[in-house]
Amino acid sequence: MSHTESSSRGVYVQTNDESGNHLVAFARGADGVLSAGASFPTGGAGDGVAHLTSQGSVVVAGDGGHLLVTNAGSGDVSLFAVSGAGATLLQTVATGSAPKSIAEHDGLVYVLNTGDPSLVGFWLGGGRLEPIPGSRRRLPAADPAQIGFTPDGSALVVTQRGTDSIAVHPVGTDGTLGDAREVASSGPTPYGFAFTAAGTLVVTEAFGAAKGKAAASSYTFADGAPAPVTRSVGNGRSEICWAVVSKDDRYVFTTNFADGAVSRYAVNGDGSLTLEDATAGLAMDGQTGLRDEGISADGRFLYAVDADSRRVFGWSVGDGGTLEQIGSWDGLPATVAGLAAV
């Protein structure tokens, strides 16, 4: 492996500190073990609240060399150039009140503002974010959770906890969004989601934080809108929120905030979903705090933030989606949020 390939491996989280947000970078070894790098000011401020609703608050762009961070307290987004445990702040640009989720596809970036529910778009190029004229779209007061592009970039998806619905905005060639099509979520409180490369959408459902009611549903897209395939497959755990897809598209890993477990679901060829292991990985079993997660670019390692223990936990991903813990790394604040891995 070349020096460049080796030095590009990293895991990133944000502090969400209201006195000045910071990006915390970890270098990732070939064995998946992390070593702390430096903490880099974002040029903005967090909101200082523990357990930030932060699906997609730290995102690595598709080019692997740029990273975006929301600053929920100051209403802006920061752009970094990153490599391993190194990061260089390139720009901090205003977006709107309380931005908490970012999506990027082929240089098109959208930010979800939750204080004044809205979406706003930018083009990423040459190490800069350029606002897209006419891109801002007001959203209903539906408590939006996460945004993300479909794999082909033709639509932007928004999960809406307040109305138990999923909204889909078509994306125009100029980067602006069309009117949303809205469908009912299979289960209550749709939260985080992830796509397989083939286009299957898997959405977590927190069921209003009811104990033992965590679930996930799958959808395929028909006529520009998600069509349910498998509805509300429960895992017996609580407060499921985040989802990531394995690099081979066969599995979805979900984190359960209320009880410290990572669950593994199998994604079948027809888009259907099967629960394989409700406790495929454990941070601190039965303890609250497990949140944002990410898979390394090579697909070999899964990482998740545990805000209450102030740690990042790591697992190696084996054949059949098995998880084996490789360690945990502390020293993070209670307000830690977001996680991205390369």
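This passage describes the salt bridges, one open sheet and the two largest pockets of a predicted model.

Local features were accepted at pLDDT of at least 70 and side-chain atom pairs only at pLDDT 80 or more, whereas totals for chains, interfaces and linings use all residues of the predicted model. Residues are numbered from 1 along each chain as its sequence is written, and side-chain values rest on heavy atoms, with hydrogens and water left out.

The structure contains 10 salt bridges, a salt bridge being a side-chain nitrogen of Lys or Arg within 4 Å of a carboxyl oxygen of Asp or Glu. One of them joins the side chains of Asp-143 and Arg-161, with an N to O distance of 3.0 Å. Asp-143 belongs to the loop between β12 (137–138) and β13 (144–149), and Arg-161 to the loop between β14 (155–160) and β15 (165–170), so the contact ties together parts that are 18 residues apart in sequence. Strands here are DSSP runs of E with at least two residues, numbered from the N terminus. Asp-143 is partly exposed, at a relative accessible area of 41%, while Arg-161 is buried at 10%; buried denotes under 20% relative accessible area, exposed over 50%, and partly exposed the range in between (1.4 Å probe, protein chains only).

A second group of contacts involves Arg-237. The closest N and O atoms of the salt bridge between Arg-237 and Asp-259 are 3.3 Å apart. Arg-237 lies in the loop between β20 (225–234) and β21 (240–245) and Asp-259 in the loop between β22 (251–256) and β23 (261–267), so that distant parts of the chain, 22 residues apart, are linked. Both residues, Arg-237 and Asp-259, are buried. Arg-237 also meets Asp-285 in a salt bridge of 3.0 Å, N to O. Because Asp-285 is located in the loop between β24 (273–282) and β25 (290–295), and Arg-237 in that between β20 and β21, this pair ties together parts that are 48 residues apart in sequence. Asp-285 is partly exposed at 49% relative accessibility, in contrast to buried Arg-237 at 15%. Through shared partners, the salt bridges join Arg-237, Asp-259 and Asp-285 into one network.

Four strands make up an open, antiparallel sheet in the order β3-β2-β1-β29, where two strands pair if DSSP finds at least two bridges between them. The edges are occupied by β3 (34–41) and β29 (337–341), each of which has a single partner strand, so one side of each lacks a neighbour in the sheet. Within the sheet, antiparallel strands β1 (residues 10–14) and β2 (residues 22–28) are joined by five bridges, and Gln-14 stands opposite Leu-23 in β2.

Pockets were located on a 1 Å grid over the protein atoms alone, as open sets of points where a 1.4 Å probe fits, with protein on both sides within 12 Å along at least five of seven lines; lining residues have an atom within 4 Å of a point. The largest pocket has a volume of about 1400 Å³, volume being the space filled by probe spheres set on the points, which are joined across faces, edges and corners. Of its 45 lining residues, Val-59, Val-60, Glu-104, Val-244 and Lys-247 are the closest to the centre. The lining of the largest pocket comprises 23 nonpolar, 15 polar and seven charged residues (nonpolar: Ala, Val, Leu, Ile, Met, Phe, Trp, Tyr, Cys and Pro; charged: Asp, Glu, Lys and Arg; polar: the others, Gly among them). The second largest pocket holds about 210 Å³ of space. β15 provides the largest share of the lining of the second largest pocket, three residues.
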